[in-house]
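Welcome! Let's take a friendly look at charged side chains and the partners they meet.

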Amino acid sequence: MSVLVGLIVALGMLVIVPAGLRLMDAPELDRVRRAWPLFAVPGALCLWLPRGAPAATLAVCYALGTVVLALHAPRRLLRTRSVAPAEIAVLTALASPSVAALALVAERLGHRLFGFDLDILALTVPHFHFAGFAAALVAGLVCRTVDRPAARFAALSVPLGTLLVLLGYFLDDWAELAGALVLTAGMWAVALLTWRDIATEGHDRSTRALLAVSAAVLVATMLLALSWALGEATGLPHPNLAWMAATHGLGNALGFALCSVLAWRRLAPRRAEPRRPAPRRPAPRLKETPA
């Protein structure tokens, strides 16, 4: 695994996932949030070891944490019995790190899981941390905040696009291109709604800047994703994987995911403090939605 990809994945494990879990406002996840460093630190350490049993063992430690997280998805679905768009987005976010962890264990072991090259497995790990977890989470938050058809479309198309890209791995490049198109449409809808409906509200300057950056970066990074998927399917010239990691991957990690979770943390309701003015109208967190 390259140094750049390792840094991006470590950011997802150590920062994006735990920060995102706090935005879900789900009390049943409290134990997972508190225990997350016990899983994420070994996962981050395994990125810097040579492929082999020690690295794979540390990756398994991280995988156990993602399985615990993923098991909350069916439990939440059974409890809420809701298939509302925002709920589908949060269920996707809960399950996605386990897919990343499976690819990580295989890549660290040097095993070509399902016949995939190790480079593809290595890039699957950040994809399901940032497209699978962060993008689905943010799409759900946007859907909670903006009561528009476009917001519901985003909350559905980001999970669907992520799933179609995964299926494309097993089918062919054209199926992966279809997934990239659906995912890009959803991400661009998130960017548009963030820019037009959320960043323009009466938030402080730093929050508006973080939201604006996250929206602007999505436009560029998803255009790169489309160009790569189109090139793979048609044979047209397109960026190679190393260049995609340095542009699309780094941009999504820092410009979109990190800026988004920081902004939404600032928008989240804060505890009232004595002798201070009442806070501005808070943005809702991802709460369970009745059917």
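In this predicted model, E28 and R76 form a salt bridge, with their closest N and O atoms 3.9 Å apart. E28 sits in the loop between α1 (3-23) and α2 (30-46), while R76 belongs to helix α3 (residues 53-80), so this pair ties together parts that are 48 residues apart in sequence. The two ends have their own surroundings: E28 is partly exposed at 26% relative accessibility, whereas R76 is buried, with a relative accessible area of 1%.

R76 has another partner as well. E87 also forms a salt bridge with R76, and here the closest N and O atoms are 2.9 Å apart. Because E87 lies in helix α4 (residues 85-109) and R76 in helix α3, the pair ties together parts that are eleven residues apart in sequence. Both E87 and R76 are buried.

Now for R266 and D204, whose side chains meet in a salt bridge at 2.8 Å, N to O. This pair links distant parts of the chain, 62 residues apart: R266 is in helix α9 (residues 241-267), and D204 is in the loop between α7 (173-198) and α8 (205-234). R266 is partly exposed, with a relative accessible area of 33%, and D204 is partly exposed too, at 27%.

Here are the three pairs side by side.

| Pair | N to O distance |
|---|---|
| E28 and R76 | 3.9 Å |
| E87 and R76 | 2.9 Å |
| R266 and D204 | 2.8 Å |

Which residues are joined into one network by salt bridges that share partners? They are E28, R76, R79, E87 and R144. Across the whole structure, a search finds twelve salt bridges.

Note on methods:
Residues are numbered from 1 along each chain as its sequence is written. This is a predicted model: local features need pLDDT of at least 70, side-chain atom pairs count only at pLDDT 80 or more; totals for chains, interfaces and linings use all residues. Side-chain values use heavy atoms; hydrogens and water are left out. A salt bridge is a side-chain nitrogen of Lys or Arg within 4 Å of a carboxyl oxygen of Asp or Glu. Helices (H or I, at least four residues) and strands (E, at least two) are DSSP runs, numbered from the N terminus. Buried means under 20% relative accessible area, exposed over 50%, partly exposed in between (1.4 Å probe, protein chains only).
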